[in-house]
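Let's work through a few exercises together. Keep the structure open beside you and try each task before reading its solution.

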Amino acid sequence: MRPGVASRAFAAAVFWLCATTLWAATPLLTRFTPDIDVFPQYFAVARSSDGLLYVGADNAVLRFDGVRWESIALPRPGVVRALRRDSHGRLWFGATDCFGRIERTTEGRDRLVDYSAAFAADVGAQGFVDIWDIVEHGDSMYFRALRWLFEVDAGGRRLGIWHAPNRFGGIVEHAGELVVNWRGEGLKRRVGETFELIPGGAEFATEPAFALLSLDDRRLLVHDQTPRLVILENGRVKPLLGDGDTRHFNDGAVLDAEHVAYAGDDGVLRVVNVNTAALRRINLGTTFQTDVVVDQDGAVLVADDGGVVRLPWPVAWSAYGTDDGIRGGVHEMQYDRGELWLMSAMGVLRAPWGDHGAAQAFVADQNYEGEAWSRLPDGEASLLADSYSLKRNDGTRIGPDDLYPRLLLRSRFDPARAWVGTESGFGLLRREAGGWQLAAPHTELQARVLSIVDSAADAAWLGSEDRGLMRVQISADPAQPPRIERFTEQISVGEQGPATVSELGGVLYVSTELGLFRWDGAQFVADPLDGLAALLQPKEVVSLSEGVNGGGWAFSYRSVYQRDAGRQWRRVDSLDRGSGAIAALAVLPDGDVLVGSGSQLLHYDAAAVREERPQEARLRLHSLELQQRDGVSRALPLSGRAEVDYGAGSLLFRVALLDLRLTAPPQFQARIAGLDEHWSDWSPRAEFSYAQLPPADYRFEVRARTSNGQEFAPQVLDLRVVPRWYQRAGVQLLLALLAIMAAAFVLSLGLRARIHRLDVRNQQLQALVRAHTAELEQANMTLRDLAERDGLTGVANRRRFDAFLASVLDAAACTRRPVAVLLADVDRFKAYNDAHGHLAGDNALRCVAAALLRGVRENTLVARFGGEEFCLVVPHCDLAAAGELGKRLCLAVAEACDVTISIGAAALVPEGSGAAETLLAQADAALYRAKDEGRNRVALASSFDPAEGAA
């Protein structure tokens, strides 16, 4: 080994051994995962100047606006491995065999403009494959491929191209110069149209340098293939970290003056302190991390195979979980003599506690077993509240084993006294020579006391979960029943409502489901508490805690709120992660805050908090689409005034608000000024549709708010609905003039035609009278027909038969011509009905009637005589002809229907009155004879010879 190489290896080993790895909780992270159909692998991340999130993916650039993901197709298939925003807010992309700009259209959409065609002749048909880095230097943008380096200006015009046969390594702007690793040669800076070695750059000739980070004008941080992490300063190499974690390093970013972060190939983001070589590992998952950038607010954005992870920096909120020894839900936290004590559902947990949190994992305290609720610290005389009773350090119990204590509070007014909140009331503890003793349990209140504020050595305010607020006064003899006051009306809480009591700034507050109330010394009055009440959800009950420097904290089972030194409250959205119900909050002496939840211990490191950078989130109009009647949508411009034709279709406004710090979706309201009198209801819905707006000028307005109470100024878009040609003012005026002229012309014609119309009117009235008369006669005929027709068979009924027979007989008396009557009866109809049912019987009667009608002339009347009996009146017919007609009818019925008929026939020339009765009597007698002779036949009246039946 050469001396120089040996010395470098020794120095690297020393620095590696000296480097420290910090024990730290897991920071609270936010992950953004695309929900569109793309291959789940992501390579680069960037933010646009208006705050949109862009992600490099397979064959596309993805865009997220806080509400929706969209895909922007590449000019050609490939992978987007590089995204960068330059100092002017322009967004650049680098992909397989293409690179260029991402430009926003007037409709709010994006398009990729490819600038690589200007270099096609240089690289040839084989192409340059992938772009790995994009760097801004001066007024130029540089795109690094494996063996090619391209330079373009802001307009995409070709400026320069370089080729490295051994491939390029990292690229960075450092101390105002462009520094590039030429593999096999070292670190070079651009001088004119060539590149020259920088001082100490030859150190990296044999081992390629992957990632270059400029710490300041003097120091360049280099990660090479050794793998090692070193600082190049004034031409000398200073080892920082050696082989180990550095073998997992991928892309890197400078977080602040002391820290850099490296994406890892194992799902671990590594933060390195460049001054102390201290290393912090932050587990973001298990997938390969491809890109890491620093957002405008200082947060770290990491792209991996799952999407994009946002890590606030410096890390203010972090979580201790099962990997850190947390077991069970945390009920209470206490800092006592350099240790943090956790009372949890699985017992008492302890860990050394330093300036930045736990120095090691939490371990169970073997002196306490079972569930732990609260602790009264007092050295060797400390007490613990478990599920059932109170325990001393040595495990002995004091008081009954059914006390169910949940809260221990030492009196501010008498250190020898302490209050106990229980499941059914409260108790008073007194410290004696032998330790703490339960002086008086008062558990007959049947109230679950979970908050206590003492107002004197013998008086306290009690907030309960199920009996509202109480003020208790202990008697001189603590065992005597206490004096109890309730304030249900003043604080608007029922006998069974929840109430918490707290102090903030020396003022007593009570929180109920109906609001916050302050004790003014005589009564409780409603108090917005510097805007906190407006942030609370309906029926949200909070507990208050004193902060540092005038700050304060509030929490409910679902949310945490922080008040800053300026007395402004905000909801801490970073805790809204479904980690279980929040059970407790404790402020440590140094200002740190601990939050106990159902599954985690959350730690707020006050020392890590810095002044927030300006907010970049803003409400924006995403797009405006005209959804046409043919189903095709057309994008409309978002600048100036959009115009649509009346009736062209529905308008769909899409809005967005991207704030990567938020864990709950924002809410929106919208209206169209000039159309809507009121704003729409607050809703996370980010689309607003309007159909058939009348022609006019409008202004679409939308506003937003976040879950932490931040509101955004309305965004507006002017819109004109253009009327159709006939709706325009000029056209309508012309049409009005034409209408007046037409009216005048029509009036003149009317005057000349008036007399003619009067004559015509008289004729029309006469014709109308005649027509109405004819219609009336026809109606009468129809009514008469309905009145004289049998409802079942459709033939004439008995009423029509009687009238027709009388009329025919009268006519025959004058002409001296015979009239025949035929009585037909369905054979064995009752048996047919019994066998087949009445419905079949009705159908048989209809069939018989139809057959009879088909078998007679038009002047013959067929009538239903009653039941299954029909009667025919045949004018100008003698008895012989009647017999022949009867035979034909018997045969027709037998062939067409499921039944047969028997017929009795009679005929005569009427003379005088009584002819109808004579005919009917003779026909009836003949019918009985036909029945007796075997049915399905015809019998003639007895004054003649019987005719042969139709067998």
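## Exercise 1: Charges over rings

The model is predicted. In it, the charged end of R81 sits over the ring of F43, 5.0 Å from the ring centre.

**Task.** Find the ring face that R101 lies over, and give the distance to the ring centre.

**Solution.** Start at R101 and look for the ring below its charged end: the face belongs to W92, and the distance to the ring centre is 5.4 Å. Now follow W92 further. Ring pairs link W92 into a cluster with F99, Y115, F119, F128, F143, W148 and F150.

## Exercise 2: Classifying aromatic pairs

**Task.** The structure holds 34 aromatic pairs. Work out how the pair of Y320 and F362 is classed, and why the pair ties together separate parts of the chain.

**Solution.** Step one is to recall that a pair of aromatic rings is described by the distance of the centres and the angle of the planes. For Y320 and F362, the centres are 5.7 Å apart and the planes make an angle of 85°. Planes over 60 degrees apart count as edge-to-face, and that is the class of the Y320 and F362 pair.

Step two is to place the residues. Y320 lies in strand β30 (residues 317–320), while F362 lies in the loop between β34 (357–358) and β35 (363–364), so the pair joins parts that are 42 residues apart in sequence.

Step three is burial, which means under 20% relative accessible area. Y320, at 1%, counts as buried, and F362, at 4%, is buried too.

For comparison, take W419 and F426: their centres are 6.1 Å apart with 35° between the planes, and this pair is tilted. Both W419 and F426 are buried.

## Exercise 3: Reading an open sheet

**Task.** Which strands stand at the edges of the open sheet that contains β61?

**Solution.** Write down the order of the 4 strands: β61-β66-β65-β63, with mixed pairing. β61 (641–645) and β63 (667–673) each have a single partner strand, so they stand at the edges, and one side of each is left without a neighbour in the sheet. From one strand to the next, the twist averages 25°.

Next, check the partner of β61. It runs parallel to β66 (residues 711–722), joined by 5 bridges; R641 has D718 in β66 as its bridge partner.

## Exercise 4: Following a hairpin

**Task.** Trace the pairing from β45 through β46 to β47.

**Solution.** First, β45 (residues 459–464) and β46 (residues 469–473) run antiparallel, joined by 5 bridges. A459 stands opposite Q473 in β46. Between the strands of this hairpin are 4 residues, and G468 takes a positive phi near 70°. Finally, β46 pairs with β47 (residues 483–486) in the antiparallel sense over 4 bridges, with I484 in β47 as the bridge partner of V472.

Key
Residues are numbered from 1 along each chain as its sequence is written. This is a predicted model: local features need pLDDT of at least 70, side-chain atom pairs count only at pLDDT 80 or more; totals for chains, interfaces and linings use all residues. Side-chain values use heavy atoms; hydrogens and water are left out. Two strands pair if DSSP finds at least two bridges between them. Helices (H or I, at least four residues) and strands (E, at least two) are DSSP runs, numbered from the N terminus. Axes are lines fitted to C-alpha atoms, for helices over the stretch in contact, and angles run from 0 to 180 degrees between N-to-C directions. Rings of Phe, Tyr and Trp (its six-membered ring) pair if their centres lie within 6.5 Å; planes under 30 degrees apart count as stacked, over 60 as edge-to-face and the rest as tilted. Buried means under 20% relative accessible area, exposed over 50%, partly exposed in between (1.4 Å probe, protein chains only). A charge sits over a ring if NZ of Lys or CZ of Arg is within 6 Å of the ring centre and within 35 degrees of the ring normal.
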